[in-house]
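Visitor: I should like to take a close look at a single part of this structure, namely the packing of its helices. Please describe it in one connected account.

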Amino acid sequence: MKLKGTNLFNERAVGQVSLARPDKIINLTIRALPLGFEELVLQRLPPPRPPKKFMMKEGKVLRDERGVPYQELDVENPAFRKAVTHISFLQMIAMVHEALKGDPEVSWETIEPKDDAGAGWQAFYEGILGEMRAQNLSTGDIKKIVNKVMQLSGVREEDITEARERFLSGGESDLEVP
């Protein structure tokens, strides 16, 4: 894509984030996320699927005319909610990692998997999280980076809230009729 015959979009938006430490200020260069990054992260770190449970009414399992029990997604299941929280956190770490690729001073010891999908990506982002913890990054530091990335990438807080609510509701009908 060109604008008036010139390619003006060679680079993504760049910004700075300063993290205060007792004896110094650490300045990080942050890049906006590339178009399609959200889909890539979902491919690498797919959200967990909620378990199913039988639909109940007055203590009895609801059944269709053939006697087959109706099922629904159990989005309130504690293990599912814990898995959602963990994957959501790793997705945020993936966003921070991508944004920090714009800083030539930042490097990582954890090695990226070769493919774009697969179980290796969760382990990779767990490793990145471990490196961030080893460097004593705080929740506030991560939030500051995320806020700058969202600003540079044109993502609004309302978009994130809406996506989270859609995800937690199952994204589609909760009813599964056999």
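Guide: The account that follows concerns helix α2 and its helical partners, and then turns to a pocket. The model is predicted, and every value below is computed from it.

Two packed helices are described by the angle between their axes and the distance between those axes. Helix α2 spans residues 78-100, and helix α4 spans residues 139-153. Their axes lie 10 Å apart, and the packing angle is about 70°. Angles of 65 to 115 degrees count as roughly perpendicular, which makes α2 roughly perpendicular to α4. The crossing in which α2 passes α4 is left-handed. On the α2 side, M92, M95, V96 and A99 make the contact, and on the α4 side I142, I145, V146 and V149 do so. By class, this contact of α2 with α4 comprises eight nonpolar residues, with no polar and no charged ones.

The next partner is α3. The axes of α2 and α3 come within 9 Å and cross at roughly 70°, which makes α2 roughly perpendicular to α3. Helix α2 contributes H86, I87, F89, L90, I93, A94, V96 and H97 to this contact, while α3 contributes Q122, F124, Y125, E126, I128, L129, M132 and R133. The residues of the α2 and α3 contact divide into eleven nonpolar, three polar and two charged. V96 of α2 thus appears in the contact with α4 and in the contact with α3.

The remaining partner to be described is helix α1, residues 37-44, whose axis comes within 10 Å of the α2 axis and crosses that axis at roughly 130°. The two helices, α1 and α2, are therefore oblique to each other. Their crossing is right-handed. From α1, F37, V41 and L42 meet Q91, A94, M95 and E98 of α2. In this contact of α1 with α2 there are five nonpolar residues, one polar and one charged. M95 of α2 is listed in the contact with α4 and also in the contact with α1, whereas A94 is listed in the contact with α3 and in that with α1.

Helix α3 also leads to a pocket. The second largest pocket has a volume of about 390 Å³. Of the 15 residues that line the second largest pocket, L28, V106, W108, Q135 and L137 are the closest to its centre. At least two lining residues come from each of β1 (14-21), β2 (24-31) and α3 (120-134). The lining of the second largest pocket divides into nine nonpolar, two polar and four charged residues. Helix α3 therefore takes part in the contact with α2 and supplies part of this lining.

Terms used
Residues numbered from 1 in each chain as written. Predicted model: local features only at pLDDT ≥ 70, side-chain atom pairs only at ≥ 80, totals over all residues. Heavy atoms only, no water. 1 Å grid on protein atoms, 1.4 Å probe; cavity = no way out; pocket = protein on both sides within 12 Å on 5 of 7 lines; lining within 4 Å. Points joined across faces, edges and corners; volume = space filled by probe spheres on them. Helix = DSSP H or I, 4+ residues; strand = E, 2+ residues; numbered from the N terminus. Nonpolar A, V, L, I, M, F, W, Y, C, P; charged D, E, K, R; others polar. Axes fitted to C-alpha atoms, helices over the stretch in contact; angles between N-to-C directions. Parallel < 35°, antiparallel > 145°, perpendicular 65-115°, else oblique. Left-handed = near helix turned anticlockwise from the far one by under 90°. Contact = heavy atoms within 4.5 Å.
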